[in-house]
Amino acid sequence: MEQRSEDIPVLVAQAGPLNGEQWMLNGDLLVGRDLTCGIVIPDRQVSRHHARFSLRPDGIFVEDLGSKNGTHFNGERLAGGTYLTDGDVIQIALAQEFVFISADSTMPLGDADQNKSSRPGNLRLEKRSRRVWIGDKEIAPPLSVAQFELLEILFERDGRVVTRKELIDEVWGEDEALGVSNQALDALIRRLRDRLAEVDPQHEYVMTVRGHGLRLENASR
C-alpha cells in the first residue's frame with residue numbers, strides 16, 4: 001500500500017543556505033557537499049558525504065559519516081548515531097540546521113506559513129519546527145530547545161503572568177525541577193532576551209512582574 005505524504009516524517013531546513021526547504025524521509029537520505037547526495041549543502045565546512053538519515057524498523061536514524069566538522073544533535077556533537085523524535089534539531093557542521101518533524105505531527109509540505117501562530121502581535125512562532133519570527137524576520141540561528149520552550153510557555157499564556165516555579169517545572173520537567181536554581185532560570189531568561197533583542201532591540205518582549213513572575217509583552221504589528 002502506498003504511504004500517504006501526511007504519514008511520512010519530514011526534515012525541514014532552517015538557519016542555513018537551504019532554509020525553508022523540506023524533504024520527506026521515506027528512505028535513506030545522504031547529506032553532504034557532493035552533488036550525488038540527496039541533500040547538497042554547498043559549503044566547504046561540509047564533508048562530501050557528511051551524514052545520513054536512514055529509515056529503519058524502529059524509526060528514522062541519523063548518523064555522522066566521519067565528517068571533519070561533525071554533526072550535532074540537539075546541541076551536542078553526535079557520536080555514532082541516534083534515533084530521532086519530533087522536534088529534534090540536527091546541525092551539519094556550522095553550515096546548515098535541520099529540524100525533524102515526526103509523522104504524527106507533520107506539517108503539510110509547502111504550508112509552513114499556515115502553521116505560524118496567528119495571534120495578534122509582532123512575534124510569531126511555529127511550534128513544530130521551533131521557528132520564531134519578529135515581524136518578517138526569522139530569528140537565526142534558531143533558539144535553543146530550552147529558550148524556545150520558555151518563549152512558547154509565555155506565548156501560550158497570551159500576556160498573562162507565569163510564575164517562576166511554573167516556568168522551571170515546564171521547561172525542565174518536574175523530575176529535574178527540584179535541582180534547578182533561580183540563577184539557572186535567570187540565565188535562560190537573559191539569553192532569550194538577548195536573542196530577541198538581536199532582531200528587535202527597540203522592544204522588550206519578556207517582562208518581569210516583580211513578586212509574581214514573567215509575561216510576554218508582544219508588540220503590535
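User: Before we turn to single residues, what does buried mean here, and what does exposed mean?

Analyst: Buried means under 20% relative accessible area, exposed means over 50%, and partly exposed lies in between. The model is predicted. A93 has a relative accessible area of 1%, so A93 is buried.

User: Where is A93 placed, and what is the sign of its phi?

Analyst: A93 sits in the loop between β10 and β11. Its phi is positive, about 50°, although A93 is not a glycine. The loop belongs to a hairpin formed by β10 and β11, with 3 residues between the two strands.

User: Which other residue can I compare by the same reading, and is N74 buried, partly exposed or exposed?

Analyst: N74 has a phi near 50°, again a positive value in a residue other than glycine. N74 is found in the loop between β7 (71-73) and β8 (76-77). Its relative accessibility is 33%, so N74 counts as partly exposed.

User: How many residues does the protein chain have, and what share of them counts as buried?

Analyst: The protein chain has 221 residues, and 46% of them count as buried. The accessible surface of the chain comes to about 11800 Å². Carbon and sulfur atoms hold 45% of that surface.

User: How many helices and strands are there?

Analyst: The chain holds 4 helices and 16 strands. As for contacts along the sequence, take those with a separation of 6 or more: 42% of them come from residues 24 or more positions apart.

User: How do I read strand pairing?

Analyst: Strands of a sheet pair through backbone hydrogen bonds, either parallel or antiparallel. Here, strand β11 (residues 96-101) is a useful case. Strand β1 (residues 10-14) pairs with β11 in the antiparallel sense over 5 bridges. Strand β10 (residues 89-92) also runs antiparallel to β11, and 4 bridges join the two.

User: Which residues stand opposite V99 in β11?

Analyst: V12 stands opposite V99, and V89 stands opposite V99 as well.

User: How many residues of β11 are buried, and which residues lie on each of its faces?

Analyst: In β11, 6 of its 6 residues are buried, and the strand is mostly covered. One side carries Q96, F98 and F100, while the other carries E97, V99 and I101. Both faces are covered, as the residues on the two sides are all buried.

User: How do I read the order of strands in an open sheet?

Analyst: Read the order from one edge to the other. One open sheet of 5 strands has the order β4-β3-β5-β6-β9, with mixed pairing. β4 (39-40) and β9 (81-83) stand at the edges, and each has a single partner strand, so one side of each is left without a neighbour in the sheet.

User: What joins β9 to strand β6, and which residue stands opposite T82?

Analyst: Strand β6 (residues 59-64) and β9 pair in the antiparallel sense over 3 bridges. V62 stands opposite T82 in β9.

User: What is the order in the open sheet of 3 strands?

Analyst: That sheet has the order β12-β13-β14, with antiparallel pairing. Its edge strands are β12 (123-126) and β14 (137-138), and each pairs on one side only. Between β12 and strand β13 (residues 131-134) there are 4 bridges in the antiparallel sense. The bridge partner of L125 is V132 in β13.

User: How many cavities of 30 Å³ or more are there, and which residues line the largest cavity?

Analyst: The structure holds 1 cavity of 30 Å³ or more. About 30 Å³ of space lies in the largest cavity. R130, R131, V132, E138, I139, P142 and L143 line that cavity. By class, its lining has 4 nonpolar, no polar and 3 charged residues.

User: And how much space lies in the largest pocket, and which residues lie nearest its centre?

Analyst: The largest pocket has about 260 Å³ of space. Its lining has 15 residues, of which N74, G75, V89, E97 and S144 lie nearest the centre. The lining divides into 7 nonpolar, 6 polar and 2 charged residues. Two of these names came up above: V89 as the residue opposite V99, and N74 as the partly exposed loop residue.

Definitions and conventions
Residues are numbered from 1 along each chain as its sequence is written. This is a predicted model: local features need pLDDT of at least 70, side-chain atom pairs count only at pLDDT 80 or more; totals for chains, interfaces and linings use all residues. Side-chain values use heavy atoms; hydrogens and water are left out. On a 1 Å grid over the protein atoms alone, a cavity is a set of points where a 1.4 Å probe fits but cannot get out, and a pocket is an open set with protein on both sides within 12 Å along at least five of seven lines; lining residues have an atom within 4 Å of a point. Grid points are joined across faces, edges and corners, and a volume is the space filled by probe spheres set on the points. Ala, Val, Leu, Ile, Met, Phe, Trp, Tyr, Cys and Pro count as nonpolar, Asp, Glu, Lys and Arg as charged, and the others, Gly among them, as polar. Buried means under 20% relative accessible area, exposed over 50%, partly exposed in between (1.4 Å probe, protein chains only). Contact means heavy atoms within 4.5 Å. Accessible areas come from the Shrake-Rupley method with a 1.4 Å probe; for residues, only the protein chains shown count as cover. Two strands pair if DSSP finds at least two bridges between them.
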